[in-house]
Amino acid sequence: MLAIHYTGTGRAAGVLTHAELPDPHPGPGEVRVRVHFSGINPGDTKKRLDWSGTGWRTRW
């Protein structure tokens, strides 16, 4: 699966990475969907830029 992802905060040109990631496999009670279009949530952009000044934290 082709994906754009980031693992730290900063400007897009410095932290976004284009990569081939393994295909996800759904677990029990989950489904996998094909995405034809995607958008950018302004909140995600602010988080990547550390707009709130709280630093980078992952949930998993």
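Phe37 sits in the loop that runs between strand β2 (17–20) and helix α2. At a relative accessibility of 76%, Phe37 counts as exposed, because the cut-off for that class is over 50%. Leu16 is separated from Phe37 by 21 residues in sequence, and the C-alpha atoms of the two are 19 Å apart in space.

The structure described here is a predicted model, and its confidence values deserve an early mention. The mean pLDDT of the protein is 83, with 90% of the residues reaching 70 or more. Confidence is lowest in α2, where the mean is 82, and highest in β2, where the mean is 90.

**Fold and overall form**

The protein contains two helices and two strands, and these follow one another along the sequence in the pattern β-α-β-α. The protein is more spread out than a compact globule, because its radius of gyration is 14 Å, well over the 10 Å that the globule rule gives for 60 residues. Along the principal axes, the C-alpha trace spans about 35 × 25 × 20 Å.

Of the 60 residues in the protein, buried ones make up 8%. The exposed area of the protein comes to about 5,600 Å², of which carbon and sulfur atoms supply 57%. When contacts between residues at least 6 apart in sequence are considered, 35% of them join residues at least 24 apart. As for charge, the protein carries 8 positive and 5 negative charges, and the mean positions of these two sets lie 8 Å apart.

**Arg48 and its surroundings**

Which element holds Arg48? Arg48 belongs to helix α2, which covers residues 42–48. Is Arg48 buried or exposed? With a relative accessible area of 10%, Arg48 is buried, since the cut-off for that class is under 20%. Leaving aside residues up to four places away in sequence, Arg48 touches Tyr6, Gly8, Thr9, Gly10, Arg11, Ala12, Val15 and Leu16. Leu16 therefore appears twice in this account, as a residue touched by Arg48 and as the residue whose C-alpha lies 19 Å from that of Phe37.The table sets the two residues side by side.

| Residue | Relative accessibility | Class |
|---|---|---|
| Phe37 | 76% | exposed |
| Arg48 | 10% | buried |

Key:
Residues numbered from 1 in each chain as written. Predicted model: local features only at pLDDT ≥ 70, side-chain atom pairs only at ≥ 80, totals over all residues. Heavy atoms only, no water. Helix = DSSP H or I, 4+ residues; strand = E, 2+ residues; numbered from the N terminus. Rg over C-alpha atoms; globule rule 2.2 N^0.38 Å. Buried < 20%, exposed > 50% of the residue type's maximum accessible area, 1.4 Å probe, protein only. Contact = heavy atoms within 4.5 Å. Areas by Shrake-Rupley, 256 points an atom, 1.4 Å probe, with all protein chains shown as cover. Lys, Arg positive; Asp, Glu negative; His and termini not counted. Charge placed at Lys NZ, Arg CZ, Asp CG, Glu CD. pLDDT = per-residue confidence, 0-100.
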